Amino acid sequence: MEQTSDIIAARKEKLCELREAGVDPYPNDFCVTHSIGDIAGRINDPGFTAESLPTGISSAGRVMAVNRFGKSCFIRFRDRTGQLQAYLRQDKVGEDAYALFKKMDIGDFIGITGELFQTKTGEWTLLADKIRLLSKSLRPLPEKFHGLKDPEKRYRQRYLDLIMNTGVRDLFVKRSRLIQVIRNFLLERDFLEVETPMMQTIPGGAEARPFTTHHNALDMDLYLRIAPELYLKRLVTGGFERVFEINRNFRNEGISTQHNPEFTMLEFYQAYADYRDLMTLTEEMFQAAALAVTGSVDLIYQGNPISFQSPWRRMTMHEALETVGGIDPAAVHNREGLLEAAISAGVTFENSDERRIMGPGKMLTKLFDALVEPRLIQPTFITGYPVEVSPLSRRSSLDSNLVDRFELFIAGREIANGFSELNDPEDQRDRFLQQLEKRAAGDDESHMMDEDYVRALEYGMPPTAGEGIGIDRLVMLLTDAASIRDVILFPHMKPTEKV
């Protein structure tokens, strides 16, 4: 820390000297004619010749390395498109400019104007005619050899992580590419992209604890959305038969390698489709995403080979508990058997109230989460969910205790959740009332009553299927990231006074 303070003090002294010499250390009038990527593209073009070299190049970027040789030096500088070497000679740029350069440091932004040439080693280099300081860096970058490896510092100072770790920058470029591919995939299928409220009077669309806030002018409490679902289905009722939103959601729950209180979801709804149609659509979407990001539908995630090649495995929850979880078939059909199996499997409950009020449907899914989910490595659709844990799903025509719903699991975690939508307003009202009873009994993740949503259904919503996909978890899969914090630019962390 003491050494860093000395470096900062020295750089601030240089800053004062520059200003006293009449040099603006933060100008904003340098014109870039070629990015480093433009230059590399020209050089690497199969038809490139020395005669086609661009002239009068002006490029800019952050200084990443300096190698001085008395009255000349080599610099490596980087912009958003890559890294380039530049060569400075005192007799070329002039004594004053070269003296100014001596006050520049690694981390500074510079602008260089000159011509390209090849060094004796064959590396294309920008020979500087002019050099200009564009932004003075007051803090030193981490040493190149050691880099920035401390995870906590990387997450807290993501800007520094992006400067020092090219792999991190590449990851977030892939994330952006993934979202673009998904957006185009849906637009090509006649979906309409929309925006719905992030502050809601009634949080709905998921079983989760919301964050609360207060609107002063209206003197009313509001909730940050836990899902956009009920608003998107209002739009389907209004005639937008195919809609989607790539949205930020907020859930006041624990933090883990798979959970962040603020996260990105894709939700989309298609009229005149059912949950089986969306399973097929999901396979196609994930394959398109994998090809765009990785170049293949086969990938390695944390050492496990995973294939997005269709068709994907499909199982009911009961089948999965029996064949994957090893549960006695007789136990999955009664609450006491499920409770005994859960205790034997080491399933924990938050408190005695949770254990007391939990119905067989929720007990079934809790047991599934413990025994089956971690073992579903290859893409697997699980269907046959209980009505109890699916308050917004259409009831199955084959079994009134189940709903037409699936969840997609890959690499031992949930990636997507979809179902045929419940469009019977009376059934929906009854489900909301059942949720209110659970809420009164102590389950604070149960749905609140949303009278306006029921009213919308009373006007008539066409048969519809909808789905939510966790974008962060999908990015983790396609970039082999172990933690959700690795794929979120600014993950939430406890405050600290460390610098």
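**Salt bridges and helix packing in a predicted model**

No disulfides were found: the count comes to zero. A disulfide is a covalent bond between the sulfur atoms of two cysteines. Cysteine 16 is partly exposed, and its relative accessible area is 44%. Cysteine 31 counts as exposed, at 55% relative accessibility. The model is predicted.

The overall features of the chain come next. The chain has 499 residues, and 49% of them count as buried. Its secondary structure comes to 16 helices and 18 strands. Along the principal axes, the C-alpha atoms fill a box of roughly 85 × 50 × 45 Å. Contacts with a separation of 6 or more were also examined. Of these contacts in the chain, 66% are between residues 24 or more positions apart.

Salt bridges were counted as well, and the total is 32. One of them joins the side chains of aspartate 29 and arginine 132, with an N to O distance of 2.8 Å. Aspartate 29 lies in the loop between α1 (2-20) and α2 (36-44), while arginine 132 lies in strand β5 (residues 124-135), so the pair ties together parts that are 103 residues apart in sequence. Aspartate 29 is exposed, with a relative accessible area of 54%. Arginine 132 counts as partly exposed, at 32% relative accessibility.

A salt bridge also forms between the side chains of arginine 314 and glutamate 283, at 3.8 Å from N to O. Arginine 314 sits in strand β14 (residues 313-316) and glutamate 283 in helix α9 (residues 275-294), so this pair ties together parts that are 31 residues apart in sequence. The partners fall into separate accessibility classes. Arginine 314 counts as partly exposed, at 40% relative accessibility. Glutamate 283 counts as buried, at 6%. The cut-off explains the label: buried means under 20% relative accessible area.

Arginine 405 and glutamate 407 form another salt bridge. Their closest N and O atoms are 2.5 Å apart. Arginine 405 is buried, with a relative accessible area of 8%. Glutamate 407 is buried too, at 9%. Elsewhere, salt bridges link five residues in a network: Arg11, Lys14, Asp105, Asp108 and Lys136.

Helix packing was examined next. Two packed helices are described by the angle between their axes and the distance between the axes. Helix α7 (residues 166-187) packs with α9 at an angle of about 140 degrees, and their axes are 9 Å apart. That angle makes α7 oblique to α9. The crossing of α7 past α9 is right-handed. On the α7 side, the contact is made by Lys174, Arg177, Leu178, Val181, Ile182, Phe185 and Leu186. On the α9 side, it is made by Leu281, Glu284, Met285, Ala288, Ala289, Ala292 and Val293.

Helix α7 also packs with α16. Here the angle is about 120 degrees, and the axes are 10 Å apart. α7 and α16 are therefore oblique to each other. An angle of 65 to 115 degrees would count as roughly perpendicular. The crossing of α7 and α16 is right-handed. α7 makes this contact through Leu171, Lys174, Arg175, Leu178, Ile179 and Ile182. α16 contributes Ile471, Asp472, Leu474, Val475, Leu478 and Thr479. Leu178 of α7 takes part in the contact with α9 and in the contact with α16. Lys174 and Ile182 of α7 likewise appear in the contact with α9 and in the contact with α16.

Leucine 474 was then considered on its own. This residue is in helix α16 (residues 471-479). Leucine 474 counts as buried, at 0% relative accessibility. Neighbours within four places in sequence were left aside. Leucine 474 is then in contact with Leu178, Ile182 and Phe286. Among these partners, Leu178 and Ile182 belong to the α7 side of the contact between α7 and α16. Leucine 474 and alanine 290 are 184 residues apart in sequence. In space, their C-alpha atoms are 9.5 Å apart.

Definitions and conventions
Residues are numbered from 1 along each chain as its sequence is written. This is a predicted model: local features need pLDDT of at least 70, side-chain atom pairs count only at pLDDT 80 or more; totals for chains, interfaces and linings use all residues. Side-chain values use heavy atoms; hydrogens and water are left out. A disulfide is a pair of cysteine sulfur atoms within 2.5 Å. Buried means under 20% relative accessible area, exposed over 50%, partly exposed in between (1.4 Å probe, protein chains only). A salt bridge is a side-chain nitrogen of Lys or Arg within 4 Å of a carboxyl oxygen of Asp or Glu. Helices (H or I, at least four residues) and strands (E, at least two) are DSSP runs, numbered from the N terminus. Axes are lines fitted to C-alpha atoms, for helices over the stretch in contact, and angles run from 0 to 180 degrees between N-to-C directions. Angles under 35 degrees count as roughly parallel, over 145 as roughly antiparallel, 65 to 115 as roughly perpendicular and the rest as oblique. A crossing is left-handed if the near helix is turned anticlockwise from the far one by less than a right angle, and right-handed if clockwise. Contact means heavy atoms within 4.5 Å.
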